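Here are some worked exercises on helix packing, burial and backbone geometry. Try each task with the structure open before you read its solution.

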Amino acid sequence: MPTYYLEVEKIGTQCRFHLKWGKNQCLPRIIISYSELVSKSYDEWQLSYLNYYRHVSIANALRGKVQSSGSFSLSNVDWHEKLREAEEKLIREFNFWLRSPELYELWEEVKRSARLISIESKSLDPSSVHIDLLINCSDDLLCLPWEAWKLHDEFAALNTVRIARSFSSSKEILPPKTRRQPRVLAIFGDETGLSFQHDREAMQILSRLAEIHSLCWDSNTANKINPKQKICNAIADEQGWDILFFTGHSDQTNLTVGKLLVAPQHSLTMSDLEPYLLQAKEKGLQIAIFNSCNGTAIAAWLLSKVGIPQAIAMREPIHNLAAQSFLVQFLKNLAQHHDAHTSMFEACRYLQEERLTFPSVYLIPSLFRYPDAPLFQIPSKGINAFIKRVLPKPLQAIALSTLLAISLIPSFQEWMLDRRVWLQAYYRQQTQRIPNESPPVLLVQIDETSLQKAAIADPYPMDRLYLAQLVDHLASQKAQIIGIDYLLDRSHRNRKDGKDDAQSDRSLGQAIQNGVNQQNETWFVLTSVYSEGNWLETLPEIASNNGSVDGHIHMSVQYLPLVQSDVPKLPFTYLLAGLHRFRQTQKLRSPLTPNENLFTQISDKLRLQGKTFRNLISPKAQMSPITDFAQGAISQSWLHPIVDFSIPPDRIYQTIPAWQLLQNKSQILDSQIVIISANYSEAGIFKQGEDSFVQPAAVRYWLQQSASTKLRESYTGGEVQAYAVHHFLRDRYVVPIPDSWMVMVFLTGGAILVGFWQPRSQRQVYIVLGASLSLYILVSIEMYISGGVILPIVLPAIATIIYCLPKLWTS
């Protein structure tokens, strides 16, 4: 909440005002004449105040020694009416002076902030919505009722602006001590003419929240020995105190600042108490409360000389019953975990409502504090208090709910994932974390040049005689595994141009079978798709019974095609990698049995080892139950491994145009899997062009590194399939943790932080949150490479800022 700092310096008959706030923001210094009417009204009010409490029927029970005012008593004078009139005159003259035209800009600035904060925080707890105005004024202005300055208006709540007296000091402000419960020392002084029984009972309001120790003067002879030393020793207790209460007679003195009457004929001056109070401050004393008379000088001395962060004192004599009412209300609010300023404000407001009994007493209490010291507050305990503390405010809840909803939008997830993989590509290059292995896939691309050289005018569908040439050539080069990324489910016998009488089907089928029958035994993976309730499979005259298997080519650009228990077909890329691994580790009888299905022969071999085709590769290639449920029930890709485009394409596959392959005797490595795929604009299964995709951001990054590829605009399905084959072969499974999950994890961590951490300053909040988020980003980027896990960055960070910053600022 905003805090304003006002310096008011009285020099002769002039007063200089200087308002500051924020970071180096301030108004120009303003000089106005001091109103003598204010001094006169204050003197008249003070006289009426003292006369009233001397003559009221509740007896002369002021907690201080009041010097004679020189007035005389009249039994028929209406003292209550005189005091009421004096009070109204004082407040009127005081506010009239502060409404001087020269101060317009000053109080308008404060009122403007008060209006804004009231409007913006209507949904919040009113007791937590306020502006602090800390006034540092000359000593001869301390007696004035600054708390009665009417800075609110009809647009702001009455308690929006809280006024306290501030002091600067060279003393170090120590952080509060961490204790299981606050420790309270309550000193009850000389009761001559008074009764503190109600005060002692009132202290029990805090008994369940704080550890209370009371020191009372006892009339028994045994306890009268050196009562002053007993109090001093208690103040300097080794365990320290959080709150120091004093109840009794007190007064200001010229030489020793002030004195406390602790027993009949026994008093302690501030000079006497100074060394003990200094020890108490070092051990964590946060606030001193003097529920006694004339405490202005005492409170000012405690802050400026001793260095205690806060003090509450009565600026005038106060009646015993009024002091007890103040104490009860103050402690009740403190027990409700309000801070010391709010608790004092609410107690004063209660006294104002009881002005028929205790007129003008609400003007007496004042809070003295350091500008940078946190206000004392008893921390909430228990599960209910924890829940109340960590629950987001309405606007926060709306923002966080919106963030969670956005995190569940599939298109947004894919967009964020694309940018995240780009970040990993950049990180790989900058840190030289690029794999050194040779590419395991040879991508034979039928491109525009290949179509021109082969005189293929219409590649939709692709000429199967041309495919047969490629198969013959690859088989002759002893390729072990060949994948044909073309759907071969329809015969070309009935082509519209009438030029094909199924000769191309037979030629491609013969080329495949010849590759299977040769000594090297080339195996083939052909494609199938699911359409309108049926699987479209390779024609029998093309497929080889003992040398080819069909795999489906359903996959997205970003996610790996996983093995699914409810899908009879295995992914095309999974079969390519699986057959390759099988050939590297197992041997079938050679030559293959001509009439027995290749799939069956391999399955029989695997069955002897307790395996099947579906678990031939890593279990991570299987779709997990969570992923399966999320995709089917809520259209989410939770924990679905992605295609890792952060690895450069030249580490995934080697490309060669089809025309170049046919002209050259290229050497194919035994470890390479060959994929024949399209790289022309018309390529597609059900419609032309659907096999070309917008380049993923990471792929675009890598292609921009080379002059030969930087002008490319699209990416082909064959290239995406090559990435999938690589991941299956190298067991490269990068699993994305859902944004919504990490947002919830961060909010849980934020709730723990908010619930248990008490920051010392907003700067500390910035440092801790900034360092934590920076460390998380570094860990997230590194885990992607070394652990195969994608931890989302942007949305969890935004959620942390939305939730944690406002709550930690407030605390």
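Axes are lines fitted to C-alpha atoms, for helices over the stretch in contact, and their angles run from 0 to 180 degrees between N-to-C directions. Keep in mind that this is a predicted model.

**Exercise 1. A long helix and its partner**

Task: Compare the span of helix α23 with the span expected for it, then classify how α12 and α23 cross.

Solution.
- Step 1: Start with the span. Helix α23 covers residues 762-787, which is 26 residues. From first C-alpha to last it reaches 35 Å, close to the 38 Å expected at 1.5 Å a residue.
- Step 2: Look at what follows the helix. Gly788 comes after α23 and has a positive phi, near 65°.
- Step 3: List the buried positions. In α23 these are Val765, Leu769, Leu773, Tyr776, Ser780, Ile781, Tyr784 and Ile785.
- Step 4: Bring in the partner. Helix α12 (residues 410-431) has an axis that comes within 10 Å of the α23 axis, and the two cross at roughly 80°. Because of that angle, α12 is roughly perpendicular to α23; the class runs from 65 to 115 degrees.
- Step 5: Find the contact residues. On the α12 side they are Arg420, Val421, Leu423, Gln424, Tyr427 and Arg428, and they meet Ser780, Ile781, Glu782, Tyr784 and Ile785 of α23. Sorted by class, this contact has 6 nonpolar, 2 polar and 3 charged residues.
- Step 6: Join the two lists. Ser780, Ile781, Tyr784 and Ile785 are buried, and these residues of α23 also take part in the contact with α12.

**Exercise 2. Two further helix pairs**

Task: Decide whether α16 is oblique or roughly parallel to α21, and find the orientation of α11 relative to α22.

Solution.
- Step 1: Take α16 (residues 572-585) and α21 (residues 717-730). Their axes come within 8 Å and cross at roughly 40°. The angle therefore makes α16 oblique to α21, as roughly parallel needs an angle under 35 degrees.
- Step 2: Add the handedness. α16 and α21 cross in a right-handed sense.
- Step 3: Read off the contact. From α16 come Phe572, Thr573, Tyr574, Leu576, Ala577, His580 and Arg581; from α21 come Gln721, Ala724, Val725, Phe728 and Leu729. This set divides into 8 nonpolar, 3 polar and 1 charged.
- Step 4: Turn to α11 (residues 394-407) and α22 (residues 739-756). They pack at an angle of about 150°, with axes 8 Å apart. α11 is therefore roughly antiparallel to α22, the class for angles over 145 degrees.
- Step 5: Check handedness here too. The crossing of α11 past α22 is right-handed.
- Step 6: Finish with the residues. Leu400, Leu404 and Ser407 of α11 meet Asp739, Ser740, Val743, Met744 and Leu747 of α22. That contact has 5 nonpolar, 2 polar and 1 charged.

**Exercise 3. A loop residue and its surroundings**

Task: Is Leu285 buried or exposed, and which residues does Leu285 contact beyond four places in sequence?

Solution.
- Step 1: Place the residue. Leu285 sits in the loop between α6 (270-282) and β13 (287-291).
- Step 2: Apply the cut-off. Buried means under 20% relative accessible area; Leu285 has 3%, so it is buried.
- Step 3: Collect the contacts. Leaving aside neighbours within four places, Leu285 touches Trp241, Asp242, Ile243, Leu244, Ala280, Ile308 and Pro309.
- Step 4: Take one of these further. Pro309 is 24 residues from Leu285 in sequence, and their C-alpha atoms are 8.2 Å apart.

**Exercise 4. Backbone special cases**

Task: Where do Val257 and Gln265 lie, and which residues does a cis peptide bond join?

Solution.
- Step 1: Val257 belongs to strand β11 (residues 257-263). Its phi is near 70°, positive although the residue is not glycine. With 21% relative accessibility, Val257 counts as partly exposed.
- Step 2: Gln265 lies in the loop between β11 and β12 (266-269). Phi of Gln265 is positive too, near 70°, and at 81% relative accessibility Gln265 counts as exposed.
- Step 3: The cis peptide bond joins Tyr460 and Pro461, with omega about 5°. Pro461 is in the loop between α13 (448-453) and α14 (464-476).

How values were computed. Residues numbered from 1 in each chain as written. Predicted model: local features only at pLDDT ≥ 70, side-chain atom pairs only at ≥ 80, totals over all residues. Heavy atoms only, no water. Helix = DSSP H or I, 4+ residues; strand = E, 2+ residues; numbered from the N terminus. Left-handed = near helix turned anticlockwise from the far one by under 90°. Contact = heavy atoms within 4.5 Å. Nonpolar A, V, L, I, M, F, W, Y, C, P; charged D, E, K, R; others polar. Expected span 1.5 Å × (residues − 1). Buried < 20%, exposed > 50% of the residue type's maximum accessible area, 1.4 Å probe, protein only.
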